Amino acid sequence: MTVPNHQTILIVDFGSQVTQLIARRLRELGVYCEIHPFSSAADNLARLNPLGIILSGGPASVLDENAPAIAPELLAAGVPILGICYGQQALVLALGGAVEAGHSREFGRADVTPEKPSTLYDGVWDLGTPHPVWMSHGDRVTALPEGFKVVATSPGAPLAVIANEERRIWATQFHPEVHHTPDGVQLFENFVKNICGCTGDWTMATYRSQAIEKIRHQVGKGRVICGLSGGVDSSVAAVLIHEAIGDQLTCVFVDHGLLRQDEAEQVLEMFRGHYNIPLIHANHQDRFIDALEGVEDPEKKRKIIGSLFIETFEDVASQLGEVEFLAQGTLYPDVIESVSFTGGPSVTIKSHHNVGGLPERMNMELVEPLRELFKDEVRALGRELGLPENFVGRHPFPGPGLAIRCPGGITREKLEILRSADAVYLDEIKKAGLYDKIWQAFAVLLPVQTVGVMGDGRTYEFVCALRAVTSVDGMTADFYPYDMEFLSRTATRIINEVPGINRVVYDITSKPPGTIEWE
């Protein structure tokens, strides 16, 4: 990552599942931040020159052998520090205090009562008044380092907030980043703005102008190709790059026949008509579907699609002559998740379809103008660039497309049935005014046929599952609570209008334990 042009906060990751939420809260406040594993955070101090450091929570115990620890360079940086949960305990140990296990554990809602004034919650919390927070800990601090004092308590964590105002170090046992801590954003705002001195200079307007300059500097007079999926990320990247270098960019839209209804036409119209961006439409539907027909294993589907995408993209790229750069819509969560907090390999839940797997023989340098952004920031940048709202606000769509929404063997007939059912479902969602309230919604065609009755005749047709979830960033998700009238109306339309389906069910699984997609 390059040197940021913004005031920056360094977030040190100790492996918490909600570390990304810290970054999101800061970005929402207009403050740029980067997450780095505890094992390499100190290596980024000089580059980032942060105005403050936040230490995340984590799943380990600081009492474990080889437990993640704070690098001494971070403590010596001389900038304000905020420790959260594991970060509090790691701070205390590093500075000479004590942590013990076996005390009362707290998981869930708790009340914290400020006992003494503190800059961290000044203007947010009143002294002596309990305030709801979210706890998740088994160990707790039992002895403070020299110079620290307890400023807030809870029944299960007598040292709920500790502080050394002189050294500008604060630490909480609770998690201010989760929405279950209602005042968490205000606490972060106090830390990054009032304590660290950040002014909130992270805006999409400034990011846009700086990103354009970076692209021009990197590319020079070279040529760039962009693998366009039709999704929000690659579309925003393409429009931004085109604004920077004009016709030096050529987009390649690989149509694999696994898109939603009318999606290919919408993409072509927007890029050729509205933006006049050079675009090659590589229609290879038969190539993909022939290779997928009868394949049931989801990982094999993904690998076939990824491999054919590479081959198709390579064929098109070779026809363009010499191209030095490949553009793709890599986002910041992709960057974070590519490195585990321990520095070791992460567990593969499922393979990701990405142009980044292009063979080295293509010998192209990557242009990734969105790699510092979260999904909601990409949408904000899209609006800043003037992309139409109905495009910017689209639900996420996986690279393998309908192939992973059709469990079991794929056929052309099943894809058409699924495509039609999905279109009816999304139409009902939009008519009900629910589309923007839902993170992602789609239909799944199950590899199950059931007996039904239509008119006086017996049917034996497929089952369609409907999925809709609410989420902040896709890392966790809850099913959307439709009313029964909506589900009944939608199911009736699908069964009446889509030949091949005689039964509709609704998926009420959260993530975890399920994933959002079925495959």
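In the predicted model, helix α7 and helix α12 (residues 375-384) pack with their axes 10 Å apart and at an angle of about 45°, a value that makes α7 oblique to α12. The crossing of these two helices, α7 and α12, is left-handed. On the α7 side the contact involves Val 232, Asp 233, Val 236 and Leu 240, which meet Lys 375, Val 378, Arg 379, Leu 381 and Gly 382 in α12.

Helix α7 also packs against helix α6 (residues 204-219), the axes of α6 and α7 coming within 9 Å and crossing at roughly 65°. The two helices α6 and α7 are therefore roughly perpendicular to each other, and their crossing is right-handed. The contact is made, on the part of α6, by Arg 208, Ala 211, Ile 212, Ile 215, Arg 216 and Val 219, and, on the part of α7, by Leu 240, Ile 241, Glu 243, Ala 244 and Ile 245. Leu 240 is thus listed in the contact of α7 with α12 and in that of α7 with α6.

The model further contains an open sheet of five strands, in the order β14-β13-β12-β15-β16, with parallel pairing. Strands β14 (279-283) and β16 (365-367) form the edges, each pairing on one side only, and neighbouring strands of the sheet are turned against each other by 25° on average, direction ignored. Within this sheet, strand β12 (residues 224-228) pairs with strand β13 (residues 249-255) in the parallel sense over five bridges, and Val 224 stands opposite Leu 249 in β13. Helix α7 (residues 232-245) packs on the sheet, where it touches β12, β13, β15 (325-327) and β16, and the direction of α7 makes about 160° with that of β12. Helix α8 (residues 263-274) likewise packs on the sheet, touching β12, β13 and β14, with a direction at about 165° to that of β14.

With regard to the cysteines, a search of the whole structure finds zero disulfides. Cys 226 is in no disulfide, the nearest cysteine sulfur being that of Cys 251, 4.7 Å away, whereas a disulfide would require the two sulfur atoms to be within 2.5 Å. Cys 226 counts as buried, at 0% relative accessibility. For Cys 464, the closest cysteine sulfur is in Cys 406, at 11 Å, which is too far for a bond; Cys 464 also counts as buried, at 1% relative accessibility.

Cys 464 is in addition one of the residues touched by Val 444, whose place is in strand β17 (residues 440-454). At 1% relative accessibility, Val 444 counts as buried. When residues up to four places away in sequence are not counted, Val 444 touches Arg 405, Pro 407, Leu 418, Val 463, Cys 464, Ala 465 and Trp 518. Between Val 444 and Lys 300, which are 144 residues apart in sequence, the C-alpha to C-alpha separation in space is 18 Å.

A further buried position is that of Asn 190, with a relative accessible area of 6%. Asn 190 has its place in helix α5 (residues 184-195), and, again not counting residues up to four places away in sequence, Asn 190 touches Thr 119, Leu 120, Tyr 121, Asp 122, Val 124 and Ile 195.

Technical notes. Residues are numbered from 1 along each chain as its sequence is written. This is a predicted model: local features need pLDDT of at least 70, side-chain atom pairs count only at pLDDT 80 or more; totals for chains, interfaces and linings use all residues. Side-chain values use heavy atoms; hydrogens and water are left out. Buried means under 20% relative accessible area, exposed over 50%, partly exposed in between (1.4 Å probe, protein chains only). Two strands pair if DSSP finds at least two bridges between them. Helices (H or I, at least four residues) and strands (E, at least two) are DSSP runs, numbered from the N terminus. Axes are lines fitted to C-alpha atoms, for helices over the stretch in contact, and angles run from 0 to 180 degrees between N-to-C directions. Contact means heavy atoms within 4.5 Å. Angles under 35 degrees count as roughly parallel, over 145 as roughly antiparallel, 65 to 115 as roughly perpendicular and the rest as oblique. A crossing is left-handed if the near helix is turned anticlockwise from the far one by less than a right angle, and right-handed if clockwise.
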